[in-house]
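User: Hi! Please take a close look at whatever strand pairing you can find here, and then walk me outward from there into the rest of the fold. I'd like one connected account.

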Amino acid sequence: ALAGGDAMLNNLVESYLALRRSTGFGMKVQGYLLRSFATFAAGRGERHIRTSSAIAWAALAPSEGQRANRLGTLRTFARFAKAEDEDHEVPPTSVFASRRVRYAPFLFSKAQVRQLITRASKLPPPGSLRPWTCSTFFSLLAVTGMRVSEALALRLEHVTPDGLIIRETKFRKSRLIPLHPTTAAGLVRYLDRRRAALDDHVFVSTRGTGIRYSTVNAIFLRIVREMGIHPGPGSRGPRIHDLRHGFAIRVLEASPTSRQGVDAHMLALSTYMGHGRLDSTYWYLHATPHVLNGIAEATESFGRGEKP
């Protein structure tokens with residue numbers, strides 16, 4: 001049986017996780033970390049969260065960033081616990097330095113996207129399904145901004161006349177992605193080609209089974225290196241995920257530069273891309289000089305007392 005402190009903190013952890021999951025959060029990593037802390041605290045004979053134990057437990061992580069993440073996860077839980085019992089302590093925020101570095105996306109030009117797809121359509125072996133699969137896959141990522149994992153998980157039943165149904169992927173969200181008529185037509189042409197495959201995945205390999213991330217990523221890297229826009233193995237260059245970034249930025253560049261116009265586009269884009277938080281979508285503004293210039297001008301006008 002669990003010791004008193006162990007049982008008390010573990011029960012509280014499970015209550016907290018159940019509550020967060022009921023609101024749509026997966027909490028897989030957080031659950032692992034919080035259970036680890038509960039065991040650590042119980043080993044010190046503690047029935048409540050103590051700042052000293054929280055810092056000592058977080059310090060066991062191998063890097064500063066991981067220590068900050070541990071303590072931040074525990075801090076959120078501690079606020080929940082303290083609302084139930086004042087004897088719990090909430091750890092401070094300034095113990096470990098968290099340095100979250102955003103990767104600067106590679107922005108494919110329209111010509112580079114076309115070249116990527118054209119090269120994918122000429123992949124060997126000639127006459128096989130492989131070039132059709134890869135060219136359609138990259139095309140769909142570029143024009144819908146889907147996550148790679150979402151495209152790989154697509155099943156035939158998810159292709160509807162209204163668009164693509166994305167089932168509970170990241171953040172446990174489901175959504176419908178409407179398709180432009182030309183995109184829908186291209187997808188139909190591919191589906192006609194892969195009709196003989198027994199697997200119900202939309203994108204299948206030459207063996208007729210669903211393709212894996214490692215496969216499409218290796219093909220993508222090979223093509224961009226052949227295009228001369230990737231320095232090679234071990235170096236930072238275009239990632240397959242950058243097709244999603246490119247889609248988001250093109251949408252924002254096409255939006256009106258007024259405050260109301262950007263806000264409306266931002267909300268629609270956030271929904272379309274399946275973001276869990278709106279600030280994840282606002283980050284794309286940093287890579288969109290055209291939109292940022294418009295916002296800067298609107299801000300200056302506001303500062304001068306002019307109406308937007």
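Analyst: Happy to. Let's settle one term before looking at any residue: two strands count as paired if DSSP finds at least two bridges between them. Please also keep in mind that this is a predicted model.

With that in hand, here is the sheet. It is an open one, built from three strands in the order E1-E2-E3, with antiparallel pairing. E1 covers 159-160 and E3 covers 175-177; these two stand at the edges, each with a single partner strand, so each has one side without a neighbour in the sheet.

Take the E1 side to begin with. E2 is made of residues 163-166, and two bridges join E1 to this strand in an antiparallel way. That number matters for the definition above, because at least two bridges are needed for a pair. Between E1 and E2 there are two residues, and the two strands form a hairpin. Within this pair, Val159 stands opposite Leu164 of E2.

Leu164 is a handy residue to follow across the sheet. On the other side, Leu164 stands opposite Ile177 in E3. The E2 and E3 pairing is antiparallel too, and runs over three bridges. So which residue faces both Val159 and Ile177? Leu164 is opposite Val159 and also opposite Ile177. As a general point, side chains in a regular strand alternate between the two faces of the sheet.

Now step outward from the sheet. Ahead of E1 comes a loop that starts after helix H7 (148-153), and Arg155 lies in it. Arg155 makes a salt bridge with Asp200, with 2.7 Å between the closest N and O atoms. Where does Asp200 sit? Its place is the loop between helix H8 (181-193) and H9, and the pair links distant parts of the chain, 45 residues apart. Are the two partners buried or partly exposed? Asp200 is partly exposed, at 33% relative accessible area, and Arg155 also counts as partly exposed, at 28%.

The loop of Asp200 leads on to H9, which is worth a stop of its own. H9 (residues 213-226) meets helix H5 (residues 110-120): their axes come within 10 Å and cross at roughly 120 degrees. That crossing is right-handed. From H5, the contact takes in Leu116, Arg119 and Ala120; from H9, it takes in Phe220, Ile223, Val224 and Glu226. Sorted by class, this contact has five nonpolar residues, two charged ones and no polar ones.

Glu226 from that contact also has a partner within its own helix. Glu226 forms a salt bridge with Arg222, where the closest N and O atoms are 3.7 Å apart. Both residues belong to H9 and are four residues apart, about one turn of the helix. Glu226 is partly exposed at 46% relative accessibility, and Arg222 is partly exposed as well, with 37%.

A further pair makes a nice contrast in burial. Asp242 and Arg239 form a salt bridge, with the closest N and O atoms 3.0 Å apart. Asp242 is buried, with a relative accessible area of 1%, whereas Arg239 is partly exposed at 29%. Coming back to H9, salt bridges with shared partners join Arg119, Arg222 and Glu226 into one network. A search of the whole structure finds 12 salt bridges.

Just past H5, the backbone has a feature to check. Most peptide bonds are trans. Here, however, Pro124 and Pro125 are joined by a cis peptide bond, with omega about -5 degrees. Pro125 is found in the loop between H5 and helix H6 (130-144).

One more loop residue deserves a look. Ala61 lies between helix H3 (51-58) and helix H4 (64-84), in the loop. Ala61 is buried, at 6% relative accessible area. Beyond its neighbours within four places in sequence, Ala61 contacts Gln66, Arg67 and Arg70.

Finally, the wider setting. The chain holds 13 helices and three strands. Of its 308 residues, 42% are buried. Among contacts between residues at least 6 apart in sequence, 57% join residues at least 24 apart.

How values were computed:
Residues numbered from 1 in each chain as written. Predicted model: local features only at pLDDT ≥ 70, side-chain atom pairs only at ≥ 80, totals over all residues. Heavy atoms only, no water. Axes fitted to C-alpha atoms, helices over the stretch in contact; angles between N-to-C directions. Left-handed = near helix turned anticlockwise from the far one by under 90°. Contact = heavy atoms within 4.5 Å. Nonpolar A, V, L, I, M, F, W, Y, C, P; charged D, E, K, R; others polar. Salt bridge = Lys/Arg side-chain N within 4 Å of Asp/Glu carboxyl O. Buried < 20%, exposed > 50% of the residue type's maximum accessible area, 1.4 Å probe, protein only.
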